[in-house]
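Reader: Could you walk me through this structure, a few questions at a time? I would like to see how each answer is reached.

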Amino acid sequence: MSLLRRPGELAEVPLAAILLEALHERATGVLTIEHAGAISRVYLCEGLTIAAQSSSAFLPLGRALLDAGLIDMAALTGSLEELARTGRPQGLILVEQGAVTARQVEEALAEQQERYLMHVVALARGTFRFDGALPLPAWTAELRAPPLRAIVLALETPQALSLVVAALQPVAGDAVGLTARYVEASTSFGWSPAEAALVARMQDGASLDALLAGPELAPERARAVVAALLLLDFAAARPRTSGSVATEPPLLLAPASSAPERPPPLPPPRPAAPPHPLRRSDPEEARLRRRRLLATGMRNTGVGPLAARASPPPGRPPGPELEPARPVPAAVPPSAPAPDDAELEARRAYAAAAPRARSEDFFERLGLDRSASREAAKAAYFKLAKTLHPDRFASPALADLAPGARELFAALNEAYEVLSDDLRRGEYLLRQGAEAKAGARASEELERAEACLRTGDLARARRHCEAALRADPRPEVQAALAWVLAADPRTSDRRRARELASAALKAGPNDRARAVLAQLARDEGGEDPLRGRREP
C-alpha cells in the first residue's frame, strides 16, 4: 500500500487518491488527518469508507436535533440522563420518549455523516497517516455511510482535478456507458436525485460532453460522478453506435432489492466485512488499468509519491516499493545549533505535557481536576498553547520534537473544544460517568466469573462473562470469555472463542488470550497462529 505505508501530506497527495488506494488494497483501519490543530478520521473496512469524524466539525446527534428544532432542551437533557444510566443509543432513547420519529433520527444521522465527509474531503492541507492495527469504534456499526460516497465527494475537490482529468481524457472521443457490474453497486454511492438522473443517462451510453453539460448538476460534481464510475470500472468507453451495456463479469454487492435507499436509524452490528464493490471478478487487466489511471493523475500533479514512481528509470522494473520512512531522531541532531533558553523551556514543557496528552481523560490532558470550570479549562489551554504550539518547534534545535508537538497540540485542542462548551462538556461528563459505571459493573461480573471458575461452575462463569462483555467489551473481558468458552468441553463455540481472543490480542499483549489461541491450536491439531508452528 504505497500511499498508506507511511505518513504523508495532503498538499502532495489528494485525499481522493488515498481513498482509491485504500479501496484497491481493501484496507481496514483508521485514516487520521491532522490539520490546523484539529484531527479528522476516516474509518475504513476493507477499503470502504464506513464513517468519518472530525473534531473541528463535531456536532452530536442531540445537538443537531436541538438546532433543527426537532427536540427541546428538556428532551435533550432527559435523553442524556438515560444515556448515562443505560448506555443505550441516544437516538433510540429519543424515539422511545416520543420526542422524534425514527425517520427523523435516520435523517439526522445521515446528515451528520454527510457533514463530516464534506468537511474531511475539503481538506487541502494536513498530515495523514493510516493505521491498520487500530480497531474500528463500536459506533461505526450504527452509522453506515454509503461506502463509495466519499470517493465521489473527494474527486469533486480542486486538489483531485488531475485524477479526474486522467479518468476523463481517454473517453473524450467516445460514448460513456455503464458496465454490467454497476447494477449491483448502484446503492453504494448514495446518489442524490440529480446525480441519479445523470447516471441514468449513461445507461444507453452518452457522450462525455453531453454528460458534463447536463442541467442536473454543477460541472464539478458531474465530472466527479463520471470520473468515479470510470476509475472504479463501473463505466467504460464504447463506440457511439453501440446500443448495449458493456459486458463484464458482474461484481457482487448487496442486491438492490434488499438494500433500502437510506440506512435504518439503528442498523444491526456490521458484519465481519461489508459487501465489497471489488469482491468478485476483478480481472487483473481492469485492476492494472485503474492503477495506471491513478498513477497518471498523480504524475500530472508533479508532486507526491506516485509522481516519482509513475515513470521508472530505464532498466528498472515498474512498481518499486517506496523507500522506508526516515526515523525521527530521538534527540537533537548533532549538527543542530545549541538550543537557547526559550527552546530549552519548550523542550521541558513538551516532556511534561506529552504523557498527559495520551490520556483519554480531557481534564488530565489540560492538567485540571474534574471540578475545573469552563474558564479554568480556557485559561489552562491558552497557557499550554503559549509553549506547546507547533510553531514553537519550527527551529532546527527542536526539529526532533516537531511531529510529536503537532500531535500533542491536536490532543490539547480536542480537550479544550469539549471542556470549554457547556453542552459538549455536559455530554462528555455524562458519557464518562456511563463508561465508568459500565466498567465497574464489568469488573464485578468478572470477579463473580473467577469465583465460579474456582469451583468449576463453567456455565455460571460464562453467564457472568457474557454480562461483563455487554457492559464493557474491553480486551480483559474478551479474553476472560474466550477462556471460559475454550475451557468448557460442552460448548461448540470454538470459533467465537478464537475471535474474542484474537480481538483482545489486537489491543496489546494478553497472556490469557494467547493461551486460549494456543490451546485451540493444540486441540485441533493445527498451527499456533502466533508462533507459526504446529503444537506437539
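Author: Gladly, and one definition will help later on: contact means heavy atoms within 4.5 Å. Please keep in mind that this is a predicted model.

Reader: Thanks! To set the scene, how many helices and strands are there in the protein?

Author: The protein has 536 residues, and buried residues make up 46% of them. Its accessible surface comes to about 26,000 Å², with 55% belonging to carbon and sulfur atoms. As for the elements, the count is 22 helices and 10 strands.

Reader: Among contacts with a separation of 6 or more, what share comes from residues 24 or more positions apart?

Author: The share is taken over the contacts in the protein with a separation of 6 or more. Of these, residues 24 or more positions apart account for 69%.

Reader: Which residues is Ala235 in contact with, leaving aside its neighbours within four places in sequence?

Author: Ala235 lies in strand E8, residues 235-238. Its relative accessible area is 3%, under the 20% cut-off, so Ala235 is buried. One residue to look at is Gly177, 58 residues from Ala235 in sequence. With close neighbours in sequence set aside, the contacts of Ala235 are Val176, Gly177, Leu178, Thr179, Met202, Leu229 and Leu230.

Reader: How far apart in space are Ala235 and Gly177, C-alpha to C-alpha?

Author: Gly177 is among the residues in contact with Ala235. The two are 58 residues apart in sequence, and their C-alpha atoms are separated in space by 5.5 Å.

Reader: Let's turn to helix packing. At what angle do helix H7 and helix H11 pack?

Author: Two packed helices are described by the angle between their axes and the distance between the axes. Here helix H7 covers residues 161-168 and helix H11 covers residues 219-231, and their axes are 9 Å apart. H7 passes H11 in a left-handed crossing. The packing angle is about 65°.

Reader: By class, what residues make up the contact of H7 with H11?

Author: From H7 come Val164, Ala167 and Leu168, which meet Arg223, Val226, Ala227, Leu230 and Leu231 in H11. Arg counts as charged, so Arg223 is the charged residue in this contact. By class, the tally is 7 nonpolar, no polar and 1 charged.

Reader: And which residues of H7 are buried?

Author: H7 is mostly covered, with 6 of its 8 residues buried. Val164, Ala167 and Leu168, which meet H11, are among the buried ones. The full set is Ser162, Leu163, Val164, Ala166, Ala167 and Leu168.

Reader: Now for charges. Which residue forms a salt bridge with Arg448, and is that partner buried or exposed?

Author: A search of the whole structure finds 21 salt bridges, and in one of them the closest N and O atoms of Arg448 and Glu445 are 3.4 Å apart. Both residues lie in helix H18, residues 422-455, and are 3 residues apart, about one turn of the helix. Arg448 is partly exposed at 41% relative accessibility. The partner, Glu445, has a relative accessible area of 10%, under the 20% cut-off, so Glu445 is buried.

Reader: Where do Glu107 and Arg103 lie, and what is the N to O distance of their salt bridge?

Author: Both residues lie in helix H5, residues 102-121, 4 residues apart. An α-helix has 3.6 residues a turn, so residues three or four places apart point the same way. Glu107 is partly exposed at 30% relative accessible area, as is Arg103 at 46%. The N to O distance is 3.3 Å.

Reader: How many residues apart are Glu450 and Arg512?

Author: The side chains of Glu450 and Arg512 meet in a salt bridge of 3.0 Å, N to O. This pair links distant parts of the chain, with Glu450 in helix H18 and Arg512 in helix H22, residues 511-523, and the separation is 62 residues.

Reader: Which residues do salt bridges with shared partners join into one network?

Author: The joining comes from salt bridges that share partners. The network consists of Glu114, Arg149, Glu156, Glu195 and Arg221.

Reader: Last one: what is the phi of Arg26?

Author: Arg26 is found in the loop between helix H1 and strand E2, and it counts as partly exposed at 30% relative accessibility. Arg26 is not a glycine, yet its phi is positive, at about 55°.

Notes. Residues are numbered from 1 along each chain as its sequence is written. This is a predicted model: local features need pLDDT of at least 70, side-chain atom pairs count only at pLDDT 80 or more; totals for chains, interfaces and linings use all residues. Side-chain values use heavy atoms; hydrogens and water are left out. A salt bridge is a side-chain nitrogen of Lys or Arg within 4 Å of a carboxyl oxygen of Asp or Glu. Helices (H or I, at least four residues) and strands (E, at least two) are DSSP runs, numbered from the N terminus. Buried means under 20% relative accessible area, exposed over 50%, partly exposed in between (1.4 Å probe, protein chains only). Axes are lines fitted to C-alpha atoms, for helices over the stretch in contact, and angles run from 0 to 180 degrees between N-to-C directions. A crossing is left-handed if the near helix is turned anticlockwise from the far one by less than a right angle, and right-handed if clockwise. Accessible areas come from the Shrake-Rupley method with a 1.4 Å probe; for residues, only the protein chains shown count as cover.
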